[in-house]
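Let's take a walk through this protein together. Keep the sequence and the 3D view open as you read.

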Amino acid sequence: VAAPVRIAVAGALGKMGRSLLKVGAADPQVKIVGAWQRPESSLLGKDSGELAGIGRLEVPLAGGPQEALFKSQVAIDFTSPTATLKLLPLALQMKRSLVIGTTGFEPKDFAQVKAAAKKIPIVLSSNYSVGVNLLWKALDMVARITRDDYDIEVIEAHHNAKKDSPSGTAMTTAEVLAKAVGRDLGTWARYGRAKGNIGARDFREIGLHTVRGGDIVGDHTVLFAGKGERLEFKHQAHSRDNFALGAVRAAKWLVQKKKKAGLYAMADVLGF
Ligand SMILES: NC(=O)c1ccc[n+]([C@@H]2O[C@H](COP(=O)([O-])OP(=O)(O)OC[C@H]3O[C@@H](n4cnc5c(N)ncnc54)[C@H](OP(=O)(O)O)[C@@H]3O)[C@@H](O)[C@H]2O)c1
């Protein structure tokens with residue numbers, strides 16, 4: 001049997017961090033070897049498994065990535081753009097693979113991730129769920145056929161603590177759709193619509209709408225509205241575990257398949 005893949009978890013006290021520790025600890029092909037949080041955290045040194053509510057892991061919560069990276073083969077990062085960008089130079093220096101789930105990057109931030117991926121293997125996805133990746137695949141096919149005959153709108157809903165809008169998943173969804181119908185998203189994205197006489201809809205618009213409330217884990221609906229009918233595609237996440245499962249799958253894929261430096265998507269991990 002192959003040795004377990006040694007994984008370090010960034011932002012281990014976050015919602016995704018805890019879910020990653022839980023999923024990783026339950027996977028016999030994985031060993032969690034490090035977990036870190038901000039240096040200011042009052043919980044440093046405590047057992048990360050106990051903090052995540054999954055029992056002892058014998059992995060003390062660290063105040064930074066150094067030691068966790070050193071012990072690991074791959075780090076999984078669902079934190080914030082600032083924290084992820086700070087991790088890149090260290091991962092480069094230590095030649096560690098990364099699975100990045102953070103969303104809300106600016107275009108210039110992506111350039112940094114891309115540059116790093118020339119030297120280390122990185123999986124980057126705004127959504128690690130298998131279902132959403134299948135949705136993207138299906139939407140690409142549908143939009144290539146419906147083209148300009150159906151109006152496209154993307155509606156997303158998340159919990160009230162989410163900071164970025166629209167969600168990274170909604171943005172990727174809109175990019176998949178724009179590419180499929182041959183439009184520039186920068187020109188045709190419409191973020192919500194204002195009150196008042198806003199005029200008729202241009203058929204080229206791709207609407208993006210944000211709903212925030214309660215503890216909604218993540219819903220994405222894509223509407224293709226044509227003449228006399230409409231199609232709706234919907235994905236609903238029930239818990240964060242599906243993202244964590246996908247991210248751990250990506251981490252194992254990088255190590256077990258001995259992936260070379262490069263920027264990979266979840267579609268690569270899933271083999272489509
Ligand atoms: N790609 C996907 O499939 C997917 C799925 C779900 C979420 N996400 C994204 O993942 C990110 C995290 O989401 P979440 O819901 O888990 O948020 P969260 O609960 O706020 O967790 C983020 C964690 O990262 C920590 N952190 C921030 N800066 C840090 C640093 N410099 N060093 C160490 N830890 C740091 C935060 O600590 P503090 O509390 O001290 O700030 C917090 O514990 C967001 O960008 C979200 O959009 C992506």
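Which backbone N or O atom lies 3.1 Å from a nitrogen atom of the ligand? The atom belongs to S126. Before we go further, a word on the model: it is predicted, residues are numbered from 1 along each chain as its sequence is written, local features need pLDDT of at least 70, and side-chain atom pairs count only at pLDDT 80 or more. Totals for chains, interfaces and linings use all residues, while side-chain values use heavy atoms, with hydrogens and water left out.

Let's stay with the ligand. The contact from S126 is a polar contact, that is, a pair of N or O atoms within 3.5 Å. G101 also places a backbone N or O atom 3.0 Å from a nitrogen atom of the ligand, and a polar side-chain atom of K162 lies 3.2 Å from a ligand oxygen atom. On its own the ligand exposes 920 Å², and the protein buries 78% of that; these accessible areas come from the Shrake-Rupley method with a 1.4 Å probe. In total, 21 residues surround the ligand, and the closest are K15, M16, Q37, R38 and T103. Here a residue counts as near if one of its heavy atoms lies within 4 Å of the molecule.

Now for the sheets. Helices (H or I, at least four residues) and strands (E, at least two) are DSSP runs numbered from the N terminus, and two strands pair if DSSP finds at least two bridges between them. One open sheet has 7 strands in the order β3-β2-β1-β4-β5-β6-β12, with parallel pairing. Its edge strands, β3 (61–62) and β12 (262–264), each pair on one side only. Within this sheet, β1 and β2 pair in the parallel sense over 5 bridges, and R6 has K31 as its bridge partner in β2. Strand β1 (residues 5–9) is also joined to β4 (residues 74–77) by 3 bridges, with V9 facing I76 as bridge partner. Because 6 of its 7 residues are buried (under 20% relative accessible area), β2 is largely enclosed by the rest of the structure.

Helix α4 (residues 81–94) lies across β2 (30–36), β4, β5 (97–100) and β6 (121–124), and runs at about 170 degrees to β5. Such angles run from 0 to 180 degrees between N-to-C directions, using axes fitted to C-alpha atoms, for helices over the stretch in contact.

The other open sheet to find has 5 strands in the order β8-β9-β7-β10-β11, and its pairing is mixed. At its edges, β8 (189–191) and β11 (230–236) each pair on one side only. Strand β8 runs parallel to β9 (residues 206–212), joined by 3 bridges, and Y191 has L208 as its bridge partner in β9. Helix α6 (residues 130–146) lies across β10 (219–225) and β11, at about 165 degrees to β11.

Two residues make a nice contrast to finish. E156 sits in strand β7 (residues 151–158) and is buried, with a relative accessible area of 1%. Leaving aside neighbours within four places in sequence, E156 is in contact (heavy atoms within 4.5 Å) with residues including P166, H209, R212 and D219. Q112, in helix α5 (residues 107–116), counts as partly exposed at 41% relative accessibility, a class between the buried limit and exposed, over 50%. Not counting residues up to four places away in sequence, Q112 touches L85 and L88.

Definitions and conventions
Buried means under 20% relative accessible area, exposed over 50%, partly exposed in between (1.4 Å probe, protein chains only). A polar contact is a pair of N or O atoms within 3.5 Å; within protein, one must be able to donate a hydrogen and the other to accept it, and residues adjacent in sequence count only if both atoms are side-chain atoms.
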